[in-house]
Amino acid sequence: MAKTKVKLRKWDVVNHLKTPEDELAYLNAALEDDDPVLIATVLGDIARAHGMTKVAEETGLSRESLYKSLSPEGNPEFATVLKVLHALGFKLHADFA
């Protein structure tokens with residue numbers, strides 16, 4: 001019996017963020033977990049889907065600093081989070097739990 005070669009690719013959520021609704025659902029799911037590292041990482045994923053260079057230009061921050069701060073090892077300042085949210089077209093609002 002002949003062996004079939006299977007080519008695997010690393011899974012990347014960015015390939016599945018096709019619409020603004022996909023991005024919003026992904027971000028809201030992260031916000032429900034109350035995990036700041038996860039939220040920053042999800043923002044980084046969405047920024048990569050938009051194009052990190054474009055997001056960097058819109059925020060006035062460097063592309064490299066965005067990659068670093070929006071990674072699982074990053075710790076972005078709140079001002080950075082707000083700038084990225086705005087650049088991605090999101091609004092931040094509060095609601096009762």
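Where is Val6 found? This is a predicted model, and in it Val6 sits in the segment before α1, the helix that runs over 20-32. Is Val6 buried or exposed there? Its relative accessibility is 66%, and since anything over 50% is called exposed, Val6 counts as exposed. To get a feel for distances, pair Val6 with Asn75: they are 69 residues apart along the chain, and their C-alpha atoms are separated by 38 Å.

From there, walk into α1 itself. Its 13 residues should span 18 Å at 1.5 Å a residue, and the end C-alpha atoms are indeed 18 Å apart, so the expectation and the model agree. Which residues of α1 are buried? They are Glu23, Leu27 and Ala30. These residues cover an arc of only 60° around the axis, which means they lie on the same side of α1. Flip to the other side of the helix and you'll find Glu21 and Glu32, both exposed. As for what the buried residues of α1 pack against, the partners are α2 and α5. Just after α1 ends, have a look at Asp34, which takes a positive phi of about 55°.

Leu27 comes up again once we turn to the core. In general, nonpolar side chains of soluble globular proteins tend to be buried together. Here the largest nonpolar core has 22 residues, and the ones with the most contacts inside it are Leu27, Leu43, Ile46, Leu66 and Leu88. Several helices chip in: α1, α2 (36-50), α3 (52-59) and α5 (78-87) each supply at least two residues of this core. Which helix gives the largest share? That would be α2, with 6 residues.

Leu66 is worth a closer look. Leaving aside residues up to four places away in sequence, Leu66 touches Met52, Val55, Ala56, Thr59, Leu61, Thr80 and Val84. Two of the names on that list, Thr59 and Thr80, are threonines.

Last stop: the loop between α4 (63-69) and α5, where you'll find Ser71. Is Ser71 buried or exposed? With a relative accessibility of 16%, and with under 20% as the cut-off for buried, Ser71 counts as buried. Its side chain isn't left without a polar partner either: the side chain of Ser71 reaches the backbone oxygen of Lys68 at 2.9 Å. So Val6, in the segment before α1, is exposed at 66%, whereas Ser71, in the loop between α4 and α5, is buried at 16%.

Methods: Residues are numbered from 1 along each chain as its sequence is written. This is a predicted model: local features need pLDDT of at least 70, side-chain atom pairs count only at pLDDT 80 or more; totals for chains, interfaces and linings use all residues. Side-chain values use heavy atoms; hydrogens and water are left out. Helices (H or I, at least four residues) and strands (E, at least two) are DSSP runs, numbered from the N terminus. Buried means under 20% relative accessible area, exposed over 50%, partly exposed in between (1.4 Å probe, protein chains only). A nonpolar core is a set of buried Ala, Val, Leu, Ile, Met, Phe, Trp, Tyr and Cys residues joined through side-chain atoms within 4.5 Å. Contact means heavy atoms within 4.5 Å. The expected span of a helix is 1.5 Å times one less than its number of residues. The arc is that of the directions from the helix axis to the C-beta atoms. A polar contact is a pair of N or O atoms within 3.5 Å; within protein, one must be able to donate a hydrogen and the other to accept it, and residues adjacent in sequence count only if both atoms are side-chain atoms.
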